[in-house]
Amino acid sequence: MRTVNLVATEAMIQHYFPDARTSRACAKPGIMSADFSIAPENCRTELGRWLATVISTTRFDDDASHCYIVHPSTEQGLHLRDLGERLQRRQVIRNIEEAEQIFKEIEIWVEKQRRLAKVYGSHLYQYRTYLYQWPVFGSLAAGESSTTEAFFDRCGALIRATGGVILRAGLSNARLPASLARTMAPKSGGGESLLQRYAAQLET
């Protein structure tokens with residue numbers, strides 16, 4: 001059994017700590033968090049157990065909450081996807097004037113992308129990494145998890161749903177075990193393969 005500092009709803013803090021001082025007593029409570037007990041071994045999923053072990057807080061202003069995710073996309077790829085989605089909504093072209101207007105928009109888009117490429121260079125073509133935003137314990141985003149173990153199981157499921165893989169997490173920058181990494185990012189050849197491709201990009 002250990003403790004983990006979780007940002008939580010007022011209702012959840014009151015449920016666990018009936019005598020806790022909440023926003024009713026504080027004009028400006030700031031980020032509401034508390035130290036909750038947790039037994040990582042009681043998490044239902046392997047990823048939930050790992051997260052519950054390496055993460056000591058979900059406060060965004062604490063480096064110990066950091067969980068970096070590698071996503072199987074690049075900035076340039078996302079720009080292309082956004083363009084494709086916009087064009088897909090305009091499948092009915094009724095005359096040459098409408099077609100010419102779309103051609104002009106595409107030409108403007110291409111020129112903009114070329115300017116971005118000159119500014120950002122190779123960064124546009126690297127896999128995206130970002131910090132996972134932990135949901136608030138007790139909120140709808142957290143699946144209304146009533147226990148800390150269920151909370152980390154839920155977070156593990158949300159992270160899997162991103163299609164990415166965890167690069168490192170916690171104050172110690174813990175790395176995922178290979179057995180776990182392989183089960184993530186299934187649509188991108190597996191998380192272990194994605195991490196290898198990401199590392200290879202950094203070396204070039």
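Is Glu105 buried, partly exposed or exposed? I looked this up before anything else, working throughout from a predicted model, and I noted that Glu105 is partly exposed, with a relative accessible area of 33%.

**Entry on Arg90 and Glu105**

I then asked what the side chain of Glu105 meets, and found that it forms a salt bridge with the side chain of Arg90, at 2.6 Å from N to O. I noted that this pair links distant parts of the chain, since Arg90 sits in the loop between H3 and helix H4 (96-120) while Glu105 belongs to helix H4, the two being 15 residues apart. For Arg90 I wrote down a relative accessibility of 35%, so I entered Arg90 as partly exposed, the cut-offs being 20% and 50%.

**Entry on helix H3**

I turned next to Glu85 and Arg81, which form a salt bridge whose closest N and O atoms are 3.9 Å apart. I recorded that both residues lie in helix H3 (residues 75-88) and that they are 4 residues apart, which is about one turn of the helix. Glu85 has a relative accessibility of 36% and counts as partly exposed, and Arg81, at 47%, is partly exposed too. I also noted that Asp82 comes into the picture here, as Arg81, Asp82 and Glu85 are linked in a network of salt bridges.

**Entry on Arg182 and Glu192**

Which residue does Arg182 pair with in a salt bridge? I found Glu192, with the closest N and O atoms 3.3 Å apart. This pair, as I noted, again links distant parts of the chain: Arg182 is in the loop between helix H6 (178-181) and helix H7 (191-203), whereas Glu192 is in helix H7, 10 residues away. I listed Arg182 as partly exposed, with a relative accessible area of 49%, and Glu192 as partly exposed, with 26%. For the whole structure, I noted that the search finds 8 salt bridges.

**Entry on Thr148**

I moved on to Thr148, which is found in helix H5, a helix that covers residues 148-161. I asked whether Thr148 is buried or exposed, and I recorded it as buried, because its relative accessible area is 1% and the cut-off for burial is under 20%. Leaving aside residues up to four places away in sequence, I listed its contacts as Leu6, Tyr16, Phe36, Ser37, Ile38 and Phe137. Of these I looked further at Ser37, whose backbone oxygen lies 3.0 Å from a polar atom of the side chain of Thr148. I also noted a polar contact of 3.3 Å that joins the side chain of Thr148 to that of Glu149. Finally for this residue, I checked the separation from Cys43, and found that the two are 105 residues apart in sequence but 8.7 Å apart in space, C-alpha to C-alpha.

**Entry on Ser33**

I placed Ser33 in strand E2, which runs over residues 33-38. I noted that Ser33 is partly exposed, with a relative accessible area of 23%. What does Ser33 touch, not counting residues up to four places away in sequence? I listed Asn5, Leu6, Val7, Ala8, Ile13 and Arg59. Two of its side-chain partners I examined separately: the side chain of Asn5 is joined to that of Ser33 by a polar contact of 3.2 Å, and the side chain of Arg59 makes a polar contact of 3.0 Å with the side chain of Ser33. I also looked up Leu158, which is 125 residues from Ser33 along the chain, and found their C-alpha atoms separated by 21 Å.

**Entry on the largest pocket**

Arg59 led me to the largest pocket, where it is listed with Thr58, Phe60, Gln133 and Trp134 as lying nearest the centre, among 13 lining residues. I recorded about 210 Å³ of space in this pocket. By class, I noted that the lining has 8 nonpolar, 4 polar and 1 charged residues.

Key:
Residues are numbered from 1 along each chain as its sequence is written. This is a predicted model: local features need pLDDT of at least 70, side-chain atom pairs count only at pLDDT 80 or more; totals for chains, interfaces and linings use all residues. Side-chain values use heavy atoms; hydrogens and water are left out. Buried means under 20% relative accessible area, exposed over 50%, partly exposed in between (1.4 Å probe, protein chains only). A polar contact is a pair of N or O atoms within 3.5 Å; within protein, one must be able to donate a hydrogen and the other to accept it, and residues adjacent in sequence count only if both atoms are side-chain atoms. Contact means heavy atoms within 4.5 Å. On a 1 Å grid over the protein atoms alone, a cavity is a set of points where a 1.4 Å probe fits but cannot get out, and a pocket is an open set with protein on both sides within 12 Å along at least five of seven lines; lining residues have an atom within 4 Å of a point. Grid points are joined across faces, edges and corners, and a volume is the space filled by probe spheres set on the points. Ala, Val, Leu, Ile, Met, Phe, Trp, Tyr, Cys and Pro count as nonpolar, Asp, Glu, Lys and Arg as charged, and the others, Gly among them, as polar. A salt bridge is a side-chain nitrogen of Lys or Arg within 4 Å of a carboxyl oxygen of Asp or Glu.
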